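Dear colleague,

I am handing over the structure we spoke about, and it is shown directly below. Please read the notes after it with the coordinates open beside you.

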Amino acid sequence: MNSPSQEKPVVLGLIGYGTVGQGFVRLLRKETDLLGRRLGFPLFLKTVVDRNIKEKFSGLLDGVVLSHDPASVINDPEIQIVIELIGGIEPAKSLLLEAVRKKKSVVTANKALLALHGEELFQAVHSNRTDFAFEGSVGGGIPILRSLREGIGGNRIQSLRGIINGTCNYILTRMTYEGQDFETVLREAQALGYAEADPSFDIDGIDAAHKLAILGTLSFGSPIAFQDIPVEGIRKVQTIDIEFGRELGYVLKLLGIAKDNGASLDLRVHPAFLPEDSVLAEVDGVFNAVEVNGETLGPALFYGRGAGSDPTATAVMGDVMELARAIHTGCFHQVPPLGFSWNDRIRRPVTGLPGIRSEYYLRFMAPDSPGTLSYLSGVLGENGISIESVIQKGRKMGGSVPVVILTHTAPESSVRTALNIIDRSVHVTEPTVLIRVEGNAEA
């Protein structure tokens with residue numbers, strides 16, 4: 001029997017030598033022997049493309065063709081797997097479509113591209129019968145997508161919810177346990193490299209929504225339009241609400257939530273209170289976690305580092321190994337990239353926030369005067385919203401005192417109707433703060 005080094009190699013081309021690209025090459029060089037033993041044949045990195053390739057050159061790229069032109073990878077008949085790690089929409093989209101049309105296998109970690117233009121890409125993959133893998137697009141090194149496609153693919157996924165943005169989780173963790181305000185912690189996160197100079201994609205929930213669109217598509221076998229997902233970020237979160245939540249036994253997290261409601265799907269990204277003894281409530285710092293609830297399986301947790309060079313490079317390498325095995329054996333397209341047969345997916349509408357039911361944390365800022373609580377509870381009751389608990393304290397904030405109400409489960413449309421009435425009244429001095437409360441996954 002031939003050793004791995006005697007077998008014909010599978011040839012790779014890498015487009016993008018940034019943080020993740022460099023991590024991938026380091027892993028490839030470091031574990032050459034391990035990869036060969038696992039695969040039974042070698043991987044050969046032929047070409048690396050990057051706009052600043054000379055500045056980034058290191059000994060890791062000895063023996064590799066260095067180029068500024070992606071066509072040197074796309075048009076090379078020897079390169080069998082194209083790895084796209086440049087991010088963004090263009091030129092990544094055009095490059096991947098061209099690679100697919102040339103029947104090359106493709107690996108990407110480009111979550112924004114998949115969330116916004118996935119249907120076009122996967123249509124091309126289906127038409128050309130090529131292999132396409134994207135584990136690194138969600139959860140860094142956490143193997144959540146492969147698990148949804150294969151490991152638990154025999155389960156009907158009822159719901160999932162996840163902490164899928166490390167920047168937001170770091171900020172909320174520091175606000176929770178150190179009592180610092182949002183702006184202070186954000187500046188600290190930027191200084192440590194956990195947040196970008198322009199953090200909007202993270203703190204406004206867009207990054208998490210990109211990932212949720214991908215997770216939902218693989219979970220439910222339905223095309224999901226990114227623009228249909230309601231998104232609320234953490235920019236307006238205040239320390240006072242985190243403190244009241246902890247007093248009530250809750251921890252605040254930015255969640256991506258996806259639920260199968262049968263005729264429709266409930267997908268949303270927003271801050272939510274979780275019971276402090278729940279598994280996700282204990283996921284702190286830059287870590288990610290996704291809790292999946294399968295009809296037969298029950299709850300399962302996928303946890304780990306959700307971003308960064310080495311975790312994401314690990315996911316990219318797993319994809320490369322999967323596609324390389326298919327090339328080596330000639331068995332392409334064994335598992336559909338989305339986990340469902342292309343023609344058997346079922347389109348279903350996404351429920352907007354007015355159509356959901358939840359428990360709610362409501363904080364009112366009210367004048368310190370008699371009758372306020374009875375007015376608030378009266379308006380809520382008139383709209384069918386029952387109260388679970390109340391916190392009313394006499395600490396003044398600009399002449400007003402906070403009144404916190406935790407409701408029982410109610411339609412969001414009813415809650416919004418009640419708040420529209422309350423916020424126009426003389427009984428509050430500023431708009432009501434609303435935070436949804438998520439119970440246990442089994443509920």
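What follows is an account of what was found, arranged by region.

Please keep in mind throughout that this is a predicted model. I begin with the two annotated lysines, then move to the aromatic residues, helix H4 and its surroundings, and finally strand S12.

The annotated positions

The UniProt record, which is an unreviewed entry, places the feature "active site" at Lys211, and it places the feature "binding site" at Lys111. Lys211 belongs to helix H10, which covers residues 206-220, whereas Lys111 is found in helix H5, covering residues 111-128. Is Lys211 buried or exposed? With a relative accessibility of 6%, Lys211 falls under the 20% limit and therefore counts as buried. Lys111, by contrast, has a relative accessible area of 25% and is partly exposed.

The two lysines are themselves in contact: setting aside neighbours within four places in sequence, Lys211 meets Lys111, Ser137, Val138, Ile164, Asn165 and Asn288. Counted in the corresponding way, with residues up to four places away left out, Lys111 touches Ser137, Asp207, His210, Lys211 and Ile214. Ser137 therefore appears in the contact lists of both Lys211 and Lys111, given that contact means heavy atoms within 4.5 Å. Asp207, which is one of the residues touched by Lys111, also has a side chain that is joined to the side chain of Lys211 by a polar contact of 2.9 Å.

Aromatic residues and a charge over a ring

The count of aromatic pairs comes to seven. In one of them, the ring centres of Phe122 and Phe132 are 5.3 Å apart and the ring planes stand at 70 degrees, so the pair is edge-to-face. This pair links distant parts of the chain, since Phe122 is in helix H5 while Phe132 is in strand S6 (residues 132-133), ten residues apart. Phe122 counts as buried at 6% relative accessibility, and Phe132 likewise counts as buried at 4%. Phe132 also forms an aromatic pair with Phe134, and this one is tilted, with 6.1 Å from centre to centre and 55 degrees between the planes. Both Phe132 and Phe134 are buried, and ring pairs link Phe122, Phe132 and Phe134 into a cluster.

A ring elsewhere in the chain has a charge as its partner: the charged end of Arg345 sits over the ring of Trp342, at 4.0 Å from the centre of that ring.

Helix H4 and strand S5

How many of the ten residues of helix H4 (residues 92-101) are buried? Seven of them are, so the helix is largely enclosed by the rest of the structure. The buried residues of H4 are Ala92, Lys93, Leu95, Leu96, Leu97, Ala99 and Val100, and you may wish to note that a lysine, Lys93, is among them. The elements that cover these buried residues include strand S1 (10-15), helix H3 (71-74), strand S4 (81-84), S5, H5 and S6. Just after H4, Lys103 takes a positive phi of about 65 degrees.

Strand S5, which is one of the covering elements, spans residues 105-108 and holds Ser105. Ser105 is buried, its relative accessible area being 2%. Residues up to four places away in sequence again left out, Ser105 touches Gln80, Ile81, Val82, Asp131, Leu323, Ile327 and Phe332.

Strand S12 and its partners

Strand S12 (residues 357-367) is mostly covered, with eight of its eleven residues buried. Which strands pair with S12, and in what sense? S12 pairs with strand S14 (residues 400-407) in the antiparallel sense over seven bridges, and in that pairing the bridge partner of Arg363 is Val404. Five bridges join S12 to strand S16 (residues 433-437), again running antiparallel, and here Leu362 stands opposite Leu434. S12 also pairs in the antiparallel sense with strand S15 (residues 410-411), over two bridges, where Ser358 stands opposite Ala410. As general background for reading these pairings, the side chains in a regular strand alternate between the two faces of the sheet.

With best regards

Notes
Residues numbered from 1 in each chain as written. Predicted model: local features only at pLDDT ≥ 70, side-chain atom pairs only at ≥ 80, totals over all residues. Heavy atoms only, no water. UniProt positions renumbered as here; feature names shortened; annotations may be inferred. Helix = DSSP H or I, 4+ residues; strand = E, 2+ residues; numbered from the N terminus. Buried < 20%, exposed > 50% of the residue type's maximum accessible area, 1.4 Å probe, protein only. Polar contact = N/O pair within 3.5 Å; in protein donor to acceptor, adjacent residues only side chain to side chain. Phe/Tyr/Trp six-rings, centres within 6.5 Å; stacked < 30°, edge-to-face > 60°. Lys NZ or Arg CZ within 6 Å of the ring centre and 35° of its normal. Pairing = 2+ DSSP bridges.
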